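Please open the structure in your viewer and keep the sequence panel beside it, since this tour moves from one selection to the next. At each stop you will be told what to select and what can be found there.

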Amino acid sequence: MRTSNENYYDYLFIGGGIAAAYAAKGIRKLDKEGSIGILSSDQDGPYARPALSKRLWTDADYSVADVPFNTAEETNSDLMLETVVTSVDRENKTVTTHDGTILSYGKLLLATGSEPRTLEGPEDEHVIAFRTFQDYRKLREFSGKDQHVIVIGGGYIGTELAANLKLNNTQVTLVYPQEVLNDNRFPLELAKEYEESYRQAGVTLKNTSRAASYSKNGDKLVLKLENGETVEGDTLVLGLGAKPRLTLAKDAGLEVDDGVIVDDYFRTSDPDIYAAGDISSYPDPIFGRKRIEHVDHARKSGTTVGKIMAGSDKPYDYTPYFYSDVFDISWMAYGTLDPELHVLIDHVDDGTVVYYLKEDKPVGILLWNINPRLGKVKEVLKNPPSHSDELHGLIRDRNSD
């Protein structure tokens, strides 16, 4: 219950993304009354981030009105937007915000997410390091009508936006470092199929290319590549990946490696501070310690940590998946996708299952245009057959069961 101190919260969150939204719902499953405060640097309340590069571009029945989670209303939380936390005082159990406000907590959740990587060049509204709902709104305004958008990056954001902008009457140039698009993730035969889908759609492809900087030339943006070549367009989208926001955790003296180190209850080295979502380095039940920047983990870790903060004694025993959809290709995966590993390719049920093997055991599975039962996929990872040859036909489309 709220104490007489109006600046006190039983549960205080730093970060207002998907993990925070699901944590608030998790708390409310067990604690209907405890006070929840959510501090977010975003200008929007929690929302369905994957829709920004996926469904909003491809589903005519899905609109911007469907994106917000309405977290504050549904969980009776205090949501403080455009609020940057500058420090955490573990001894006094307080946090300080950019305007000097001090809030105290019973339990604190760090769900600060990730920061998009940027590129050298002048500030311009037509240069979008794509991450937020506001970024989507800007890109919608600057796309369509045969405008030319240059997309940098062959990761999730770059590939999804390049495909979906093209489907929405936009000229697109996709710049990426791989020789074949996503050959750093997929075996070559699938990477070629993937890349060809863009070529057939009319996307201009610039492979083996890295962005160096950008400049302005009148109303146009000019992207300079490391090889000296230039590309001119109306808008520049940076899909250069992201880095976890770890400064607060480090400055607070919490244990950090490439993420905030937590146990299987998402507890940090401070028993009253938890970390979930992108920044958490957690012990995966199949793969060992991992840090994952994907929505499935954000949702599941958020729900779990919320319940734990409210008194649950059930640890996180879930292994998340990651996925993407472009044109007619739909893929989902678990674990490590490294084509430098020994790879076993199993064409089955009009799709493909790829096993990434280490010491003859799968450490990653890619599902390509196939929809199996995910419990079966996890079972194969947990308890693989004694010989990799026995993997053939083991994972099938659920409709063939």
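Helices and strands here are DSSP runs, numbered from the N terminus, with at least four residues for a helix and at least two for a strand. With that in hand, please keep in mind throughout that what you have open is a predicted model.

**First stop: a pocket**

Select Ala51, Lys54, Arg55, Thr58 and Tyr323, which, among the 13 residues that line the second largest pocket, lie nearest its centre. The space in this pocket comes to about 240 Å³. Now colour α2 (55-58) and β21 (322-326), each of which supplies at least two residues of the lining. Which of the elements gives the most to the lining of this pocket? It is β21, with 3 residues.

**Second stop: the nonpolar cores**

Move next to the largest nonpolar core, which has 63 residues, and select Phe13 and Val95, the two that touch the most other members. Then add helix α1, residues 18-30, which gives the most to this core, with 8 residues. Apart from this core lies another, of 45 residues, and you can find it by selecting some of its members, including Leu52, Val67, Leu181 and Tyr198.

Return to Val95 and show what surrounds it: leaving out residues up to four places away in sequence, Val95 touches a list of residues that includes Leu12, Ile14, Leu39, Val85 and Leu108. Thr94 should be selected next, and its place is in strand β5, residues 94-97. Is Thr94 buried or exposed? Its relative accessible area is 15%, and because buried means under 20%, Thr94 counts as buried. With residues up to four places away in sequence again left out, Thr94 touches Ser87, Val88, Asp89, Ile102, Leu103, Ser104 and Tyr105.

**Third stop: two helices**

Select helix α5, residues 156-166, where 9 of the 11 residues are buried, so that this helix is largely enclosed by the rest of the structure. Among the buried residues of α5 you can pick out Tyr156, Glu160, Leu161 and Asn164.

Then go to helix α6, residues 188-201, and set the distance between its end C-alpha atoms, 20 Å, beside the 20 Å that its 14 residues should span at 1.5 Å a residue; the two agree. In α6 the buried residues are Leu190, Ala191, Tyr194, Glu195, Ser197 and Tyr198. If you turn the view to look down the axis of α6, these buried residues fall within an arc of 140°, so they line one face of the helix. After α6 comes Gly202, which has a positive phi, near 95°.

**Fourth stop: two loop residues**

Select Gly259, in the loop between α7 (247-251) and β17 (260-261). Gly259 is buried, with a relative accessible area of 0%. Beyond four places in sequence, Gly259 touches Leu246, Ile279, Ser281 and Arg291. If you draw a line from its C-alpha to that of Gly302, you join two residues that are 43 residues apart in sequence and 16 Å apart in space.

Finally, select Pro122, which is found in the loop between β7 (114-116) and β8 (127-129). Pro122 has a relative accessibility of 36% and counts as partly exposed. Its contacts, with neighbours within four places in sequence left aside, are Tyr214, Ser215 and Lys216. From the C-alpha of Pro122 to that of Met332 the distance is 37 Å, and 210 residues separate the two in sequence.

Conventions
Residues are numbered from 1 along each chain as its sequence is written. This is a predicted model: local features need pLDDT of at least 70, side-chain atom pairs count only at pLDDT 80 or more; totals for chains, interfaces and linings use all residues. Side-chain values use heavy atoms; hydrogens and water are left out. A nonpolar core is a set of buried Ala, Val, Leu, Ile, Met, Phe, Trp, Tyr and Cys residues joined through side-chain atoms within 4.5 Å. Buried means under 20% relative accessible area, exposed over 50%, partly exposed in between (1.4 Å probe, protein chains only). Contact means heavy atoms within 4.5 Å. The expected span of a helix is 1.5 Å times one less than its number of residues. The arc is that of the directions from the helix axis to the C-beta atoms. On a 1 Å grid over the protein atoms alone, a cavity is a set of points where a 1.4 Å probe fits but cannot get out, and a pocket is an open set with protein on both sides within 12 Å along at least five of seven lines; lining residues have an atom within 4 Å of a point. Grid points are joined across faces, edges and corners, and a volume is the space filled by probe spheres set on the points.
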